[in-house]
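Here is a short briefing on the inside of a protein model. Have a look at the structure first, and then we can go through its empty spaces, a helix and the nonpolar cores.

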Amino acid sequence: MDALFRKSDRLLANTSTEIIRDKMDEIHWNARLISIMGPKGVGKSTLIKQYLKQNYELGDRRILYCSADTVDFSMRTLGGLAEEFVIRGGELLVIDEIHKYKSGNADWSREIKEIYELFPDLKMIVSGSSLLRLKEGDADLSRRAIKYTMPGLSFREALRFYHGLTFTKWSLEDILAHPYDLWRMVSSKCKPVALFKDYLEKGYYPFLLEGEGEYYTRIEQVVNYIIETELPQICKVDVANIRKLQALIALICSEVPFELNANKIAAALEIGRDTVVEYLKYLGDAKVLNLLYSDKKKIGKLSKPDKVYLENPNILYALAPAMADIGTLRETFAIGSLSETHRVEYSKTQGDFKVDGKYTFGIGGRSKKFSQIAGVKDSFIFADDWDMPDGAKLPLWMLGFLY
């Protein structure tokens, strides 16, 4: 236990608190059990360590931060660790990378549930892959834990991280009702159109702060890790199908946005049609893809998406730079930004997307016309390379202020 405390102290001491994401203020840190889930690389571990460093003195033995993917857990269980920690006066136990915990046939969620029930004065924070479910087997943690999901940086956050420009979040309703106020606020401090182009290429992942040279390589590593490690480990995907999953990603990258023909893909990859749909849903949950369904469709377990996009523009630049045409990048950005806080559907008849079943959006460049959505109530165009609002035609970068 002393070795774990020393390692925890060292990790917290080495954590910078110079730039902290707004998610810090959204989390109810005093809850008994918190889960923070999200794709690898978006900064979950850093955020947790920043919270501990801000709120506890270095060397405070009431807290312990540890990661389940280290050798420390090769000879100990979560339950045993929690008991020893509580006996020593521990109050807040953090288990990072919880999905990597292995102890015989033990289920991490059952152990967390048991700890929750045995030690009512102990607070816990667990973090892990966005693929994780809080209900596994008989251990239903969804009623006990407060769950948060963490995406990559929005355009608004990227402006603060990389350019030192601080702006508040805007709701979609406020953006649509008061776009000139947002435009005046942002344009008084910077040239948003130019900085937005940079963000589409690099900026979604916080690790750009560590240097540009390996940025795309690290994105590839994140995607490969999800396919090669997390999907087999968490979703029980047959390791024999890993190459087929990689081929599926390559196929989607070759034609994005991808209009799905599940039967054709199944034949090409020599797997079942239902398996194709299942794998797409896994990749959607893992935040590699964004799956769009028609606004006319009732979504069932085996419903195939109508269109498939990569989760953010930076992934497209990393995996298929030759396919990174501006039209695809615009739509990929719009869907990713809107999907964090709204329901986005593919519109087969009017506009490009339907949002929350109410708004109709067209996405394009400065020459985008209203002909596609003429006469449609609550319809708007979000245009790239567009300097300022003009009625219902708004700059595309404004969607980057939603979170």
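A cavity is a set of points, on a 1 Å grid over the protein atoms alone, where a 1.4 Å probe fits but cannot get out. A volume is the space filled by probe spheres set on the points, which are joined across faces, edges and corners. This is a predicted model, in which local features need pLDDT of at least 70, side-chain atom pairs count only at pLDDT 80 or more, and totals for chains, interfaces and linings use all residues. Residues are numbered from 1 along each chain as its sequence is written, and side-chain values use heavy atoms, leaving out hydrogens and water.

**Cavities**
- The whole structure holds three cavities of 30 Å³ or more, and the largest has a volume of about 70 Å³.
- Lining residues (an atom within 4 Å of a point) of the largest cavity include Tyr199, Glu311, Phe333 and Tyr403.
- Helix H15 gives the most to this lining, with four residues.

**Helix H15** (helices are DSSP runs of H or I, at least four residues, numbered from the N terminus)
- H15 covers residues 326–339.
- Eleven of its 14 residues are buried (under 20% relative accessible area, 1.4 Å probe, protein chains only), so H15 is largely enclosed by the rest of the structure.
- Among the buried residues are Arg330, Glu331 and Phe333.

**Nonpolar cores** (buried Ala, Val, Leu, Ile, Met, Phe, Trp, Tyr and Cys joined through side-chain atoms within 4.5 Å)
- The largest core has 135 residues, and Leu52 and Ile95 are among those with the most contacts inside it.
- Helix H10 (residues 215–234) supplies the largest share of this core, eight residues.
- Apart from it lies another core of five residues, including Ile373 and Trp386.

Note on methods: Helix = DSSP H or I, 4+ residues; strand = E, 2+ residues; numbered from the N terminus. Expected span 1.5 Å × (residues − 1). Buried < 20%, exposed > 50% of the residue type's maximum accessible area, 1.4 Å probe, protein only. 1 Å grid on protein atoms, 1.4 Å probe; cavity = no way out; pocket = protein on both sides within 12 Å on 5 of 7 lines; lining within 4 Å.
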